[in-house]
Every structure is written in C-alpha cells, then in structure tokens.
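Visitor: I would like a close look at a single part of this protein. Please take me through one sheet, strand by strand, and then show me what lies elsewhere in the chain.

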Amino acid sequence: MSTLSTGFSVLVFLIAGIAGLAGGYLMSQAFARKKIADATEKAAQILKEADKEIEIKKKELELKARTEWLNAKADFEHQTQAQRAKLERLEKKLYEKEERISKRAALLHQKEKELQSTERAIKNKEMMLRARERELEELIEKQNKQLEQIAKLTEEEAKQILMENLEAKARAEAAARVKEIKERAEKEAEREAKNIITQAIQRVAAEHTIESTVSVVPLPNDEMKGRIIGREGRNIRAFEVATGVDVIVDDTPEAVILSAYDPIRREIARIALEKLVLDGRIHPSRIEEVVKKSEKEVEMLIQESGEQTAFELGIHDLHPELTRLLGRLRFRTSYGQNVLEHSREVAQLAGFMATELDLDSALATRAGLLHDIGKAVDKGTEGTHTQLGYELAKKYGENEVVLNAIAAHHEDVEVTSLYTVLVQAADAISGARPGARRETFENYIKRLEKLESLADSFDGVAKTYAIQAGREIRVMVEPERVSDTDSQRLAAEIAQKIQEEMEYPGQIKVTVIRETRAVSYAK
C-alpha cells in the first residue's frame, strides 16, 4: 500500500514536472514572439524616421543647391551687366575719339589747303619781289648813270654817295625798330615788375620813423636837475664819463636831453638815468653801478632783438654772433632810417618777390636780412659796410648767394645771382618810401646840381631841369643837332651815366624833350 502511494506520488510529480516544462516552454515562446514583434515594430519605426530624415536632408540639399544656383546666376548677371556697361562706355569713348579724329582730320585738311594757298601766295610775292628787285636794280643803275652825268662823278664816287645815303636810311630805320622793340619790352617788363613789386609791398606793413641823435628823459620835477648836476657838477661829469654821452640841462621843463651819435651808448645812458631818477640816489659810485647794469640790459636787449627778428622771418640756423650783430642794428640808423627795421623790410620784400618768381623764398629772405649786417660793426673799423658785411658773413659760414647779395647790393662787385637783384630792388623800395629816410638840405641841393650838370655834359643838350625832388630830370635838346631817333639814345646814355656816377634812393626818370617851332609873320 505504501509502495503504491509512493509510485503514484512519483507519477504525479512527473506529470506535474512535464506540465511545468510544457507551460514554461509555451510562456517562453510567447515572450519570444512578443519581443520579436516589439523589435520589428521598433525597427520599422527607426526605418520610418530614417526615411523622414533622409527626405529632410534631401530637401535641404536641394534648397541649398537652388540657392547657390540663384546666387551664381545673380553674380553672373551682375558681372555681365558691368561688362556690358564697360563695353558701352568704351564704345562711347571710341565713338567720341573717332569724332575727334575726324574733326582733326578735317581741320588738318583745311590747314593743308590754307598752307598750300599761303605757299602759292608766298611764291607769287617772291616772284613779285624778284621783279621789283630787278626793276629797282635797273632804276638804281639808271639813277647812278644820271647822277654820274649830272654831277660829273665817277661810278665809284657816285656809289660811295649812294651807299652813304642808304646807310643813313638803314641806320634810321634800325634805330626806329630798336626803339619800338625796346619800348615794347620795357612796357611788358615794367608791367610784370610792377605787379611783382606791388604784391610784395602790399604784404609788408612797415612803419617808418625818423630817428635823431638825442634822447629826452622826463623828470618828476625841476629839482631833480640839481641832483643830476650834483655839487660842483660832479654827478653830471661822472655820468658823462661813464656813458660817453653829453647831458644837456636847459630850460626845458621837467626833462633833460642826452646827446650822442652812438645810439647804443645813448640808450644805455637813457636807461641808467631813468633808474637813477627813479631810485633817487645819485652820486658817482651809484652812477657807475647803474651804468654797468644798464650796459648788461642793453646787451641782453640787443641779443633778444636779433633773435626775435630772425624768428619772425623764419630763419632758425643763424650763427649766434650774426644774431647779436643783427640786434645791434636796432640802434643804428641810415639817413634817419632804423637799419634793423630796414633790413627786416628788405628781407620780407625780397622773400615775397622770390615767391612770385618761383625762387627760394627762405634764401631771398636770408640774403635781404643780412645785406646791411656790416653796419653793425663799430665805426672805427676800416672798410665799407658791404666789405665788412661780406667778411663777417663769410667768417660765419653763409653761402655764396647770401655773400654776393651783401657785397653787390650797391653794385660794388659783380652780381652773380638773381637773389642779389631781388635784394637790390627791395633795398631801393625800402629806402625810397616817403618818410623812410631823410636828407640834409645841403646834400639835397648838391645832388640836384650834380644831376643837372651831368646831363648838361652831353652834346646837343640845351637845358636840364631836375624835378620831383630829384626823382625825374627833363632834358631839353637842340632840335637841329639831335633828331627824334637820337633822343631815345641820348636818354639811355644819360640814365646809364647817372647809374655809374651817382648814388640815390629809388630811381630817376630821364625825359628827353625835342621841340621844333615854325614861326612866320603875316605882313
């Protein structure tokens, strides 16, 4: 019984095991099928998404390709349009050039016709001239024979008379032609020169003051005069010895006068006296001390004046010694004209004229500024101011153009540079301005007398008159001795002699007057 139940149990267990295995297999099969279905569905979904992405990429590539094609098409059209416009412009230029060439060809053709016509006219004139020459030769030969028969002269003698007549006629015609050419050239040159000089003068605003040899020092009261004189005149004597200036104490109210030909010494004395009057302590030792300080101040003023003038004119490489000498010109005068102001004005005028002539304005300005530098040398040194200035400028390294302008601006030596001519012109302009310079009455009369006597020395001159303060001289000639043609030559010769033998500011106009009078009486 127990054995049977045991076997049944085993059987049940086996059946249960088989059933479990079968159920497990069936479940695994079902799970596998489901997994396969899920994988299939997922793969289908991936493929679908891949197809969509491929489609999107395809459309993007198509759009990009279309965009690039459109851009390339637009660029091509733009380039094509630009090339078309360029071709149109070239075609237009070519057409215009063809028109110009056609017009020029027509003009050349016309000129050629005119030239041929002119050549024919010239040939005709030449033929006529030859015929006239033959007629003239025949006429001359005929006249010579008649002259020989009438005057009973040989052929050689008649030929001599005829040659003299022809020579006189040719000389008169040549003189008239020379006069015409000279007048035309002078008018053109004068017009151009006036234009250049006028522009230069208009750009220079210069003031002229006539300087004297005295300085007036104002005083607070007349009692100060006694203190300046001092006990028994010791103060005034000490002041005059220390400064080299004469002190004039007269009846002029509240003022004393300083007199000296040396303007630098006079300026030192003026500054020193003003300081002494202001300080109130006036005695010999104090005078010497103040005069020494004033000398240093004036020396400093001289240096500053030279530097300031060079700076204003744009000259920055001037030797220090030349700068100092330039400053000394502030206290020098020529015919009453301040030499530093004169030099500054000459420099400006020369520079402006050089600019108008396309020359080096800086070089012309430099030459004009230094042209009178020799006047800064002490008067005790021998030599003219042109020689002294030349030696100084050469010593301190100035170039040849400036050296020639200094040495030749009064025509003491030969002019070798156009800049020298500009300096000469500027110097004459500056010195000839009204009020620029003064001249003593005695010298003025002597200059006019010399001017008239110089013109009187020429043959055929009847009377001369110096007018306009010596700026013009009018020469009356004898009409039977001086012809109209000779008048022009005489004016030129008188002007040349004036230039060679006289010194004068500006220019002198020479006018030759030939007057013929015919007088008759009715009875």
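Guide: Strands β6 and β7 pair in the antiparallel sense, over six bridges. This is a predicted model, so every value here is computed from predicted coordinates. One pair shows the register: A466 has I473 in β7 as its bridge partner. On to the next strand. Strand β7 covers residues 472-477, and six bridges join it to β8. Here the two strands run parallel. Two pairs fix the register on this side. R474 stands opposite T511 in β8. M476 stands opposite I513, also in β8.

Put the strands together. The result is an open sheet of three strands, in the order β6-β7-β8, with mixed pairing. The edge strands are β6, at residues 461-467, and β8, at residues 509-514. Each of these edge strands pairs on one side only. Neighbouring strands of the sheet are turned by 20° against each other on average, with direction ignored. A helix joins the picture. Helix α14, residues 484-501, packs on the sheet. Helix α14 touches β6, β7 and β8. The direction of α14 makes about 150° with that of β8.

Now compare a second pairing, earlier in the chain. Strand β2 spans residues 246-248 and pairs with β3 in the antiparallel sense, over three bridges. I248 has I257 in β3 as its bridge partner. These two strands form a hairpin with six residues between them. In that hairpin, E254 takes a positive phi near 55°. Strand β3 runs over residues 255-259 and is mostly covered. Four of its five residues are buried.

Strand β1 also reaches this region. Its residues are 214-218, and V216 has its place there. Leave aside the neighbours within four places in sequence. V216 is then in contact with A255, V256 and I257. V216 and A255 are 39 residues apart in sequence. In space, their C-alpha atoms are 6.6 Å apart.

A helix residue comes next. F239 is found in helix α4, residues 234-243. F239 counts as buried because its relative accessibility is 4%, and the cut-off for buried is under 20%. Its contacts, again without the neighbours within four places in sequence, are V247, L258, A269, A272, L273, L276 and I287. F239 and V290 are 51 residues apart along the chain. Their C-alpha atoms are separated by 10.0 Å.

Move on to the helices further along. Helix α7 covers residues 320-328. Its buried residues are L322, T323, L325, L326, G327 and R328. What covers them includes α5 (263-279) and α6 (284-312). The cover also includes α8 (339-356), α9 (361-370) and α10 (385-395).

Helix α10 deserves its own stop. T386 is found there. T386 is buried because its relative accessible area is 2%. Beyond the neighbours within four places in sequence, T386 is in contact with I406, A407, H409, H410 and D412.

Turn to the surface. F8, L11, V12 and I15 form a nonpolar patch there. Together these four residues have about 380 Å² of accessible area. One of them, I15, lies in helix α1, which spans residues 2-151.

Last, the whole chain. The protein has 14 helices and eight strands. Of its 523 residues, 28% count as buried. The accessible surface comes to about 36,300 Å². Carbon and sulfur atoms hold 55% of that surface. Consider the contacts with a separation of 6 or more. Residues 24 or more positions apart account for 61% of them.

Return to the sheet with that in mind. Its order is β6-β7-β8. Antiparallel pairing links β6 and β7, and parallel pairing links β7 and β8. Helix α14 packs on this sheet.

Methods
Residues numbered from 1 in each chain as written. Predicted model: local features only at pLDDT ≥ 70, side-chain atom pairs only at ≥ 80, totals over all residues. Heavy atoms only, no water. Patch = residues over 30% accessible without salt bridge, like charges linked within 9 Å, V, L, I, M, F, W, Y side chains within 5 Å. Areas by Shrake-Rupley, 256 points an atom, 1.4 Å probe, with all protein chains shown as cover. Salt bridge = Lys/Arg side-chain N within 4 Å of Asp/Glu carboxyl O. Pairing = 2+ DSSP bridges. Axes fitted to C-alpha atoms, helices over the stretch in contact; angles between N-to-C directions. Contact = heavy atoms within 4.5 Å. Buried < 20%, exposed > 50% of the residue type's maximum accessible area, 1.4 Å probe, protein only.
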